[in-house]
Structure formats: C-alpha cells, structure tokens
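Open the model in a viewer and keep the selection panel at hand. The stops below say what to select and what is found there.

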Amino acid sequence: MPCLDVQVPAADGHSNGTLHVPEGDGPWPGVLVFPDAGGVRETFSRMGDRLAGMGYVVLIPDIYYRGGQWAPFDVATLFTDDKERARMRRLAAALTNEAIIADAGGVRRITRK
C-alpha cells in the first residue's frame, strides 16, 4: 500500500500526517484516525496499512502539532515515568474538544509533502 507524507491545514498551523492509500483506482471511502495519547507511532502506521488493504484511504494526522517537534513516546513507560507523563500532559493540554473539531475540518485540504 502506498503511504504518503502529507500536510493537513489545521486550526493552528498545519499537521504533518500520513495518507495510506489502497492499491488500484479509487474512489475509496475515507477513514480519519486520531492517535491516542501516545501520539503517532508505528502501531498507527500498521493500522493505516491494514485499513488501506481493506479498501479505505486512511489519514493519520499528528495530533500534537501545536507543540512543534516532539520525540515519540515509549508507551510501555509513558504512564509510569513521571517526566514522560508530564510531557504528554503538556502536549495534550491543547487538545480541547473545540481544537480537535477544528483540526478535523482541515482533512479536505491535505497536500502532499
């Protein structure tokens, strides 16, 4: 399955993301996958590939784009390491319901990186 790096216009700038595309000719139904508190990581890439293999085009945006560049979390220790949990909370603090709804509105205007 092709996996494209894309930029999604978002409420407070742009979110980098990946677009997982089925083989063949579209149109295909779309799926928007918002990562959990651990953020974008390999698990979500595999999920996008699996859904694309089932015939869906899948967009996975970086939910923490407001925080700038950030290092991925190790979810095995995210909730047991006080420093990592605090870092995740700082990034997640910007994820109000309103912000998430506003960000979701940008998915119609994605561009290839």
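Start with the enclosed space: the largest cavity of this predicted model has a volume of about 90 Å³. Its lining consists of 14 residues; select Ser-15, Phe-34, Pro-61, Asp-62 and Asp-103 to see those closest to its centre. Then colour strand E1 (3-10), strand E4 (57-61) and helix H3 (97-104), the elements that each give two or more residues to this lining. By class, eleven of the lining residues are nonpolar, one is polar and two are charged. With a threshold of 30 Å³ or more, the cavity count is one.

**The largest pocket**

Next, go to the open space. The largest pocket holds about 350 Å³. Select Asn-16, Asp-62, Gly-68, Gln-69 and Trp-70, which lie nearest its centre among the 14 residues of the lining. Which element supplies the largest share of that lining? Strand E2 does, with four residues. The pocket lining divides into five nonpolar, six polar and three charged residues. Asp-62 deserves a label at this stop, as it is listed among the residues closest to the centre of the largest cavity and also among those nearest the centre of the largest pocket.

**Strands E1 and E2**

Show E1 together with E2, residues 13-20. The two strands pair in the antiparallel sense, over eight bridges. The hairpin that joins E1 to E2 passes through two residues. For one pair to display as sticks, take Asp-5, whose bridge partner in E2 is Thr-18.

Stay in E2 and select His-20. Is His-20 buried or exposed? Its relative accessibility is 0%, so it counts as buried. Draw a distance between the side chains of His-20 and Thr-18 to find a polar contact of 3.0 Å.

**Strand E4**

Thr-18 also leads on to the next strand, since it stands opposite Ile-60 in E4. E2 and E4 are paired antiparallel, with four bridges. Now add strand E3 (30-32). E3 runs parallel to E4, and three bridges join them. In this pairing, display Leu-32 opposite Leu-59 of E4.

In a regular strand, side chains point alternately to the two faces of the sheet. Select E4 by itself with this in mind. Val-57, Leu-59 and Pro-61 are on one side, while Val-58 and Ile-60 are on the other. Both faces are covered, and all of these residues are buried. For the strand as a whole, five of five residues are buried. Pro-61 was already selected at the cavity, where it is among the residues closest to the centre.

**Three loop positions**

Select Gly-26 and Pro-27 and check the peptide bond between them: it is cis, with omega about 5 degrees. Pro-27 belongs to the loop between E2 and E3.

Move to Val-40, in the loop between E3 and helix H1 (42-53). Val-40 has 32% relative accessibility and therefore counts as partly exposed. Add Ile-63 and compare the C-alpha positions: the two residues are 23 apart in sequence and 7.7 Å apart in space.

Ala-71 is the next selection, in the loop between E4 and H2. Ala-71 counts as partly exposed because its relative accessibility is 44%. From its C-alpha to that of Ala-37 the distance is 13 Å, with their positions 34 residues apart in sequence.

**Helix H2**

End at helix H2, residues 82-92. Begin at its start, where a side-chain oxygen of Asp-81 comes to within 2.9 Å of the backbone nitrogen of Lys-83. Which residues of H2 are buried? They are Arg-87, Met-88 and Leu-91. These three lie on the same side of H2, because they cover an arc of only 100 degrees around the axis. Turn the view to the face directed away from that buried side and select Asp-82, Arg-89 and Arg-90, which are the exposed residues there. Viewing the helix along its axis, with the buried set and the exposed set in separate colours, closes the tour.

Conventions: Residues numbered from 1 in each chain as written. Predicted model: local features only at pLDDT ≥ 70, side-chain atom pairs only at ≥ 80, totals over all residues. Heavy atoms only, no water. 1 Å grid on protein atoms, 1.4 Å probe; cavity = no way out; pocket = protein on both sides within 12 Å on 5 of 7 lines; lining within 4 Å. Points joined across faces, edges and corners; volume = space filled by probe spheres on them. Nonpolar A, V, L, I, M, F, W, Y, C, P; charged D, E, K, R; others polar. Buried < 20%, exposed > 50% of the residue type's maximum accessible area, 1.4 Å probe, protein only. Arc of directions from axis to C-beta. Polar contact = N/O pair within 3.5 Å; in protein donor to acceptor, adjacent residues only side chain to side chain. Pairing = 2+ DSSP bridges.
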